[in-house]
Amino acid sequence: MLIAVLVSSIVAPFVAFLVRHRWPKGLAIAVAVLTTLLVPAALITLAATQLAGGLAGLSDRLAGSYSDLKALLLASPLHLTEPQINDYLQQALAAIQADSQVFVSGALSLGTSLGHGLTGLLLTLFSLLFLLIDGPGIWAWIVRIFPRRARAAIDGAGQAGWTTLGNFAKVQILVASIDALGIGLGAFLLGVPLAIPIGVLVFLGSFIPIVGAVATGAVAVVIALLFNSWPIALAMLGVVLLVQQVEGHVLQPLIMGTAVKVHPLGVVLVVAAGSLLAGIPGALFAVPVAAVLNVMINYIQGGSWRADLPDVPGETGSPLWRTVPQRPGFTRTRRNPSRTITTEGTS
């Protein structure tokens, strides 16, 4: 549901744009949803194709990189000997074999994980479609849950939170694109193979603020060390650090901070708390949840809704939102000391 809400904040303006240009709403929603599915699928397909072509001769490259690394360690000030290096390697292999049960159990549960993933994908698409089809009706139903005197504040806070969520999604796409372009272009200019998969990986990882781009950039450094040499790997590390500095000191404070109105320290803390509580999904949704709550609380606390009340969603005519079923011919009489009100049921 959270993924559907986040995606709908990006897709809804596109649907509204198509509707304003006289597209039928159903066709506009279908085109928007298909575009949302095809763009990530195209990126992943491109990365997989490049990855499959670039891994040819990987074993030879790994052997050469291992020999170069061993020669560097033997000549380093650490004064390591070849038996010591081989012993460290054997200890690492033994640790991997000792933990192999984790990989075996993970492989056995692969079918269950795929089933859960497919179910989650279908639920996400189902939720996304209904958010695009009947989003105002869903929000009107939520607002009517609250007491009447609180509905103006809730509705205004929700509208402000929705605007902030849309700004966050757009800015995060921009920041992720800049990260991917900078690191991917740096890998290409340095002659590091798999530059396109590196760029796609950085783009996807950058949706986790601050942490994601660092982790995916480390992958680029490892690839440069395996396929090239340690000077190229150091240069790749410099490119990653440069991009991270631009993101941390320019993009996050100026662009992201303006869009979500959360202090950079708050961004770091909520990402850490989200990852601690819910892993990668927690880190992904920590910043938008914190930003939306921050804006909604500030809106309610500001009290501007008292002087300039927004249009509170009223009753909707759709049968989906009738919480009290009505029977043909049913008459309900409500007594009042001053008057009597009679309501006829509708068929």
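These exercises walk through a predicted model of one protein, each with a worked solution.

Residues are numbered from 1 along each chain as its sequence is written. In this predicted model, local features need pLDDT of at least 70, side-chain atom pairs count only at pLDDT 80 or more, and totals for chains, interfaces and linings use all residues, while side-chain values use heavy atoms, without hydrogens and water.

**Exercise 1. Overall make-up**

Task: State how many helices and strands the protein has, and what share of its residues is buried.

Solution.
- Start with the elements. Helices (H or I, at least four residues) and strands (E, at least two) are DSSP runs, numbered from the N terminus.
- The protein has twelve helices and two strands. Their order from the N terminus is α-α-α-α-α-α-α-α-α-α-α-α-β-β.
- Next, burial. Buried means under 20% relative accessible area, exposed over 50%, and partly exposed in between (1.4 Å probe, protein chains only).
- Of the 347 residues, 30% count as buried.
- Then the surface. Accessible areas come from the Shrake-Rupley method with a 1.4 Å probe; for residues, only the protein chains shown count as cover.
- The accessible surface is about 21500 Å², and 71% of this belongs to carbon and sulfur atoms.

**Exercise 2. Confidence**

Task: Find where confidence is lowest and where it is highest.

Solution.
- The scale is pLDDT, the predictor's confidence in each residue, from 0 to 100.
- The protein has a mean pLDDT of 77, and 74% of its residues reach 70 or more.
- Strand β2 (residues 340–344) is lowest, at a mean of 46. Helix α1 (residues 2–20) is highest, at 91.
- Now look at residues 102–110. Their pLDDT is below 50, and the stretch has zero contacts (heavy atoms within 4.5 Å) beyond near neighbours in sequence.
- Residues 340–347 also stay under 50. For these the model has 22 contacts beyond four places in sequence.

**Exercise 3. The cores**

Task: Name the residues with the most contacts inside the largest nonpolar core, and the helices that build this core.

Solution.
- A nonpolar core is a set of buried Ala, Val, Leu, Ile, Met, Phe, Trp, Tyr and Cys residues joined through side-chain atoms within 4.5 Å.
- The largest core has 20 residues. Inside it, I183, A187, V192, I198, I223 and M236 have the most contacts.
- α7 (151–189), α8 (195–205), α9 (211–227) and α10 each supply at least two residues of this core.
- Take I223. Apart from neighbours within four places in sequence, I223 contacts V192, P193, L194, I198 and N228.
- A second, separate core holds 13 residues, including L6, A169, V271 and A291.

**Exercise 4. Helix α8**

Task: Explain why α8 counts as largely enclosed.

Solution.
- Count the buried residues. Eight of the eleven residues of α8 are buried, so the rest of the structure largely encloses this helix.
- The buried ones are A195, P197, I198, G199, V200, V202, F203 and G205.

**Exercise 5. A213 and V7**

Task: Decide whether A213 is buried or exposed, and list its contacts.

Solution.
- A213 sits in helix α9. Its relative accessible area is 1%, so A213 is buried.
- Leaving out neighbours within four places in sequence, A213 contacts D179, G205, S206, I208, Q244 and E247.
- A213 and A176 are 37 residues apart in sequence, with 8.2 Å between their C-alpha atoms.
- Now V7, in helix α1. V7 is partly exposed, at 22% relative accessible area.
- V7 and A169 are 162 residues apart along the chain, with C-alpha atoms separated by 8.1 Å.

**Exercise 6. Positive phi**

Task: Describe where R22 and L194 lie, and how accessible each residue is.

Solution.
- Most residues other than glycine have a negative phi.
- R22 has a positive phi of about 70°. R22 lies in the loop between α1 and α2 (25–54), and at 79% relative accessibility R22 is exposed.
- L194 has a positive phi near 60°. L194 lies in the loop between α7 and α8, and with a relative accessible area of 10% L194 is buried.
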